[in-house]
Every structure is written in structure tokens, then in C-alpha cells.
Amino acid sequence: MATTIFLIGATGLIGFRVLLEALAAGHNVRYAARSEEKAVKVSSNPKVRALVPGDRLSHVIIPDCTAKGAFDAALQGITHIIHAGSPVPLPNYDPNTEVFQPTGLMIKELLSSALKTPSVQRIVITSSIVANVGLVPPPHVVSASTRLPPPSPVPSSFDDVFEAYVTAKILALRYADEFVEEHKPHFSISHVVPGYVFGRNELALDADSVLKLNSSNNLLVMAMLGENLFPIHGVYAHIDDVAEVHLRVLFLDPKEGEPRDFGVATSVNYDNMFDIVEKAFPEKVAEGIFVRGSLQTLPVEWDSSETEKLLGRKFKSFESAVVDVAGQYLEVR
């Protein structure tokens with residue numbers, strides 16, 4: 001059977017870049033979208049059109065990915081799955097109905113449908129470093145294989161959107177582990193665990209999109225434009241690395257004792273972010289386009305050595321990610 005990838009999250013920063021990389025590599029891709037309007041934003045994007053995918057690219061409309069059997073029809077004929085579509089913790093989201101509940105339900109429905117689909121061989125789930133680190137980073141080194149105990153009892157509701165997000169990620173990781181242990185499925189599951197992901201967002205075609213699309217790039221841009229922001233975990237990932245790792249991991253066949261989950265995260269102190277902007281774009285700083293703000297750091301010790309071994313190289317630098325984000329903002333403003 002020809003390889004066909006089912007992609008959840010194609011309208012997001014990570015998912016869209018994975019889509020581009022998969023098409024560039026010659027794969028067949030079927031992506032999920034909640035509406036035809038969202039599907040067209042993907043298929044009509046200039047970067048997608050430039051690849052001339054033809055019938056290698058298709059989509060399926062799933063209005064509610066948490067509904068019972070939501071993925072049953074969509075997975076027919078699918079061999080590989082990438083789930084990069086979990087909710088992000090935006091301040092205006094309801095912590096319960098828009099973050100915590102859909103994160104868990106999507107994983108459960110996807111795995112349930114995959115279990116009923118004999119063609120599925122491999123699933124890669126995009127997690128987050130917060131699933132391994134928690135709300136408050138520990139003093140010791142953490143990796144993608146680290147597992148945290150869930151809160152006991154699990155709260156019945158949340159007031160804080162980030163607490164809901166972190167708890168949902170911890171539980172989703174645990175659920176996937178327990179699913180494999182209980183069901184011994186005919187497919188294998190791995191997680192890609194990125195830090196805060198920065199780099200060009202090819203879905204952002206104007207300055208407003210750079211600032212408002214649901215992506216961690218927003219944090220960098222706001223700090224470049226003079227805002228003083230709250231502390232975030234001090235681990236970054238370049239979007240180029242994140243996309244490549246997803247596809248590398250998707251076609252692995254991990255044996256007993258080999259790594260199954262792969263972190264894409266490098267410890268960083270965000271204090272020097274504007275120094276990078278100033279060095280790369282001194283004229284724009286002088287013109288007042290870029291203004292020094294601040295992005296505070298929660299220190300994290302993270303080990304991604306297994307992933308760099310998989311890639312055969314070091315991850316791209318934080319400096320390159322900052323320059324890419326600032327450069328794109330200048331291009332589209």
C-alpha cells in the first residue's frame with residue numbers, strides 16, 4: 001500500500017510546516033480541517049501551490065474532532081498519522097471547554113479510530129515540554145522520556161488556561177502510554193516534544209497574521225515591538241527542526257529499548273533576544289520599528305541528545321529563529 005499521511009493541525013504553525021515538508025518529500029497527504037474555509041486557506045497558500053501537489057493532497061472536513069467516531073471515515077486507507085492539532089492556551093480561551101477537554105478527547109477518539117483501521121502503521125503525536133516539565137520546571141535534567149504523575153485528584157474544572165493546558169498534556173501523554181499497554185495495537189506510537197516553537201510561519205501572509213495567528217512566534221514579535229511579557233519556559237525549538245523531526249520519527253520502527261519519544265528543545269535565556277534583533281537589523285531598530293521589550297525566562301534543563309543523534313546534526317540556533325521571525329515581520333508589514 002502506498003504511504004498516505006493523515007495530518008491533524010495543518011492550519012497551525014507546526015502542522016502546516018510538516019505538511020510542506022511531507023509534500024516536498026513526495027508523500028500523499030490527507031489533512032483534516034474544521035470547515036471548507038479553513039481547508040482552502042491551506043490548499044491555496046502560495047507555498048503549497050508552489051509544490052504543485054495535485055492529487056497527492058486532499059482534505060477531509062471534521063467539524064468536531066472530539067465527537068464519537070470523528071476520525072473513522074477519515075482514516076480509511078491511511079498508513080501514517082501525525083496529530084499536531086491540540087488546542088493552544090490562548091488567554092481568551094475557556095480553560096475547560098476549549099483547552100482541557102478537547103486535548104484529551106481528540107487523543108482518545110483518534111486512537112480509538114486507528115484501532116479500527118488495519119492500514120494504520122504508525123502514529124506521531126505532537127506533545128509539549130510542559131508534559132514532561134510541568135508548571136514549575138524541576139531542578140534536574142528532563143527529556144522526552146520523562147513522565148510526570150498527574151495531579152491527584154485531577155481537577156474537575158480549571159480557572160487558569162495554562163494550568164488546564166499543562167494538565168491536559170500530562171494526561172494525554174499518560175493516556176497514550178496506557179493505551180499501548182492495554183490494547184497492544186497493530187501500530188506504534190511516538191511523541192515529538194517541542195519547546196516553544198519559533199521561526200517563519202508560512203501561513204502568516206500579513207503583519208496582522210504574524211501577531212495574531214495561534215503561534216508562539218507572537219511572543220517574540222510582541223517583545224520585539226516593546227512589550228514586557230510574562231515568564232515562559234526557557235526551551236526553544238526552531239520550526240525547521242520540529243518539522244524535520246516529525247517526518248523522521250514518523251518513519252522510524254523503534255525496537256525494544258530504543259527511544260520512542262523525541263524532544264526538540266534547547267535550553268535558552270530569552271534575555272538576549274533583542275540583542276539578536278539589534279545585531280541583525282540595526283537600521284530597523286534605529287527607525288523605531290523594533291523596540292526593546294522583554295520576555296522573561298523560567299530556566300529548564302533539557303536533554304535532546306537522542307534527537308540530535310537522529311538528525312545527525314545540532315539543532316538550529318535560537319539566533320537563527322529570532323532572525324527568521326523578525327525578517328518575516330519586516331517582509332509582510
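These points cover a sheet, the helix packed on it, and the nonpolar cores.

1. This is a predicted model, in which local features need pLDDT of at least 70, side-chain atom pairs count only at pLDDT 80 or more, and totals for chains, interfaces and linings use all residues. Residues are numbered from 1 along each chain as its sequence is written, and side-chain values use heavy atoms, with hydrogens and water left out.

2. An open sheet of mixed pairing is formed by three strands in the order 7-9-11. Strands are DSSP runs of E with at least two residues, helices are runs of H or I with at least four, both numbered from the N terminus; two strands pair if DSSP finds at least two bridges between them. Strand 7 (196–198) and strand 11 (266–267) are at the edges with a single partner strand each, so one side of each has no neighbour in the sheet.

3. Strand 9 (residues 235–238) is antiparallel to strand 11, with two bridges. Opposite Y236 stands T266 of strand 11.

4. Helix 9 (residues 239–250) packs on this sheet and touches strand 7 and strand 9. Nine of its 12 residues are buried (under 20% relative accessible area, 1.4 Å probe, protein chains only), so helix 9 is largely enclosed by the rest of the structure. Among the buried residues are H246, L247 and L250.

5. I82 is in contact (heavy atoms within 4.5 Å) with H246, L247 and L250, leaving aside neighbours within four places in sequence. Other contacts of I82 include I5, L7 and V124.

6. The largest nonpolar core (buried Ala, Val, Leu, Ile, Met, Phe, Trp, Tyr and Cys residues joined through side-chain atoms within 4.5 Å) has 36 residues. L7, L19, Y31 and I82 have the most contacts inside this core. Helix 1 gives the largest share, eight residues.

Definitions and conventions: Axes fitted to C-alpha atoms, helices over the stretch in contact; angles between N-to-C directions. Buried < 20%, exposed > 50% of the residue type's maximum accessible area, 1.4 Å probe, protein only.
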